[in-house]
Structures are given as C-alpha cells and as structure tokens.
Amino acid sequence: MDCKKCALPVETSIQPFIHCNGLCAAIHHAACVGLDTPNLAAVSPPYKNSFWLCDECIDEFVCWRNDRSANAKELSSRPELSLNPEQQSALQRDVEELKGKVESILSTLTTTASCLPNTEMMRHSTPNSSRQFSREMSGTNACNVTPSVSAASERLTESAVDESFALLMTNIDGNVSEEDVQLMVARSLGASDAECRNIKKLVPRWVDCSTLDYVSFKIILHCKWKPAAMMSTTWPRYVKFREFRRRECTWKPDNL
C-alpha cells in the first residue's frame, strides 16, 4: 500500500507507519506526518482512547462537529410542539388502529408458522454455525447420536459460541491481502494483532483477484469485540459487514 502523504510504498515490516482512524483509513509513513517513536506509540494499540487523524479527516470532523452544534442550537430554540385535545384524540385513535393491525399480523404469522413442516438439515457451501449445529443435534436428529457424543458436542459448541463470533467483511479491493485486513481490524477495534489472526480471504487461490470488482473476508473475533464490530462507525468508509448467520431459506428456480 502507498502512503497517502508521499504516494510512495509503505514497507510495513521495516518502516514505522500509522493508519488514519478517520473515514479514509489510509496508511501513512510516520515520518511523513511528523510522528516520532514516542508519539507513534501513544496513538497506537493498546491505547483505546488515543487515535490519530490525517489533515483531511480532521477538517471533515471539525465541519461535522460545527454543523451538529448549529443544529442542536436550532432545535433548542424551536418552541415545543403542543396538541390540542382534538388532535390528541385523533392521534390516540390512529395508535389503537395500528395496534390492532399489528396483532392481526402476528396472529397470521403464528398460524402460518405452525403449519410449516419440519425441514431436514440443509446442504450448502457455508459451514453451520456452532449454535445452529447444537440446536439441530438436540432436535429430530438427536436419536442418531449417542448420549456421550451429543453431550460432548454440545459442550464444545457452547464453548465456541461463548468465546468467538464470525464477521463477514465485503466490498474490499481485490488487491487487499489478509495481512492488510488484519492490520485494519486491529487498528479499528483497538485490538492487538494477536487477537486478529483468524482471517480468511473468501476467494479460491486459483482466481485472479485483480479481475474481481471486490472480494470478501471472514474474520473470527473474540465475543468481547462484537459490540464494537457491529457498529458502522468502527470501520472505514465503503466497507460493508455483517455477522455470519445460517440461512434458513434459499431461492431456486421452479424447475429444480
């Protein structure tokens, strides 16, 4: 990757560098932005409350803060909205009508769900989640598993669920490596590199990534990072993400 300041390559193995914690998330040579060793250490993990922004992101942040302050002042200066008794009565009728519609929808969904047949274990290219596997093994197929194996499987899957979760990141340039994503995840979450080791590029090795519009990555993290990982403000702009979940229903043409 190239330094945003000087446009020269950054040799991360030998050159001190830093990622902007703003929206651009660009990499910079520490020397290009005037950061010596003590200052670089002060804005790097594990210090979660210290971060560094490039000049452009600082300007954007200041503009956003000023706009927010102006909007807050404008809202505070507006008179409070008051409804007369007739308006309050009409609003109450609308609320009661909506409640009735919601109850009707819930009743229909409950009836439909009770009529659906039990489906067998689906086959797909995505591995089952630990929680789903445990739930299925304890259901209709539990009779095919000995009690000792079932109990051991349940303990293992519960332990895995308690300790980690899987995150899907996509809309990432094909030239980005697993090491680049590892570094970005560590910097964005404020985690150590050792906590972001399990990262997999979801592209077959024989595929030329440069021909793809974008690629996806699967990241396994400790569950303590889940609240921060599921916030859009944690990640750089344009990065799309979601938690890995097992799909209960898939589409197929009518002739299959």
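This briefing walks through a single protein chain, from its overall layout down to a few individual residues. The model is predicted, so please read every value below as computed from that model. The chain has seven helices and six strands, and five salt bridges are found in the structure. No disulfides are counted.

**The overall layout**

- Going along the sequence, the helices and strands come in the order β-β-α-α-α-α-α-β-α-β-β-α-β.
- The protein chain has 256 residues, and 25% of them are buried.
- If you take the contacts between residues at least 6 apart in sequence, 60% of them join residues at least 24 apart.
- About 18700 Å² of the protein chain is exposed, and carbon and sulfur atoms supply 55% of that area.

**Salt bridges that link distant parts of the chain**

- Let us begin with D55 and K5, whose side chains meet in a salt bridge with an N to O distance of 3.5 Å. This pair links distant parts of the chain, since D55 is in helix α2 (residues 55–77) and K5 is in the segment before β1, 50 residues apart.
- K5 is exposed at 52% relative accessibility, while D55 is partly exposed with a relative accessible area of 47%.
- Another salt bridge joins E60 and R237, with 3.9 Å between the closest N and O atoms. Here E60 is in helix α2 and R237 is in the loop between α7 (226–229) and β6, so the pair links distant parts of the chain, 177 residues apart.
- Both partners count as partly exposed: E60 has 40% relative accessibility, and R237 has 42%.

**A closer look at E243**

- E243 sits in strand β6 (residues 240–243) and forms a salt bridge with K226, where the closest N and O atoms are 3.2 Å apart. That pair also links distant parts of the chain, with K226 in helix α7 and the two positions 17 residues apart in sequence.
- The side chains of E243 and K226 also count as making a polar contact, at 3.2 Å.
- Is E243 buried or exposed? E243 is buried, because its relative accessible area is 15% and buried means under 20%.
- K226, by contrast, is partly exposed, with a relative accessible area of 31%.
- Setting aside neighbours within four places in sequence, E243 is in contact with F165, A166, L167, K226 and M230.

**A closer look at S216**

- S216 belongs to strand β5 (residues 215–222) and is buried, with a relative accessible area of 16%.
- Which side chain makes a polar contact with the side chain of S216? The partner is T170, at 2.8 Å.
- T170 is also one of the residues that S216 touches once residues up to four places away in sequence are left out; the others are L168, M169, K200, K201 and L202.

**Cysteines without a disulfide**

- A disulfide is a covalent bond between the sulfur atoms of two cysteines.
- Why does C24 not form one? The closest cysteine sulfur to that of C24 is in C57, 3.6 Å away, which is too far for a bond, because the two sulfur atoms would have to be within 2.5 Å.
- C24 is partly exposed, at 31% relative accessibility. C63 is partly exposed as well, with a relative accessible area of 47%.

**A nonpolar patch on the surface**

- V102, I105, L106 and L109 make a nonpolar surface patch of about 380 Å².
- One of these residues, L106, is found in helix α3 (residues 85–115).

**Two backbone angles to notice**

- Most residues other than glycine have a negative phi, so positive values are worth a look.
- A7 has a phi near 65°, a positive value in a residue other than glycine. A7 lies in the segment before β1 (17–19) and is exposed, with a relative accessible area of 54%.
- N171 has a positive phi too, near 60°, and is likewise a residue other than glycine. N171 is placed in strand β3 (residues 164–172) and counts as partly exposed at 35% relative accessibility.

Note on methods. Residues are numbered from 1 along each chain as its sequence is written. This is a predicted model: local features need pLDDT of at least 70, side-chain atom pairs count only at pLDDT 80 or more; totals for chains, interfaces and linings use all residues. Side-chain values use heavy atoms; hydrogens and water are left out. Buried means under 20% relative accessible area, exposed over 50%, partly exposed in between (1.4 Å probe, protein chains only). Patches are made of residues with over 30% relative accessible area and no salt bridge: like charges are joined within 9 Å, nonpolar side chains (Val, Leu, Ile, Met, Phe, Trp, Tyr) within 5 Å. Accessible areas come from the Shrake-Rupley method with a 1.4 Å probe; for residues, only the protein chains shown count as cover. A salt bridge is a side-chain nitrogen of Lys or Arg within 4 Å of a carboxyl oxygen of Asp or Glu. Helices (H or I, at least four residues) and strands (E, at least two) are DSSP runs, numbered from the N terminus. A polar contact is a pair of N or O atoms within 3.5 Å; within protein, one must be able to donate a hydrogen and the other to accept it, and residues adjacent in sequence count only if both atoms are side-chain atoms. Contact means heavy atoms within 4.5 Å.
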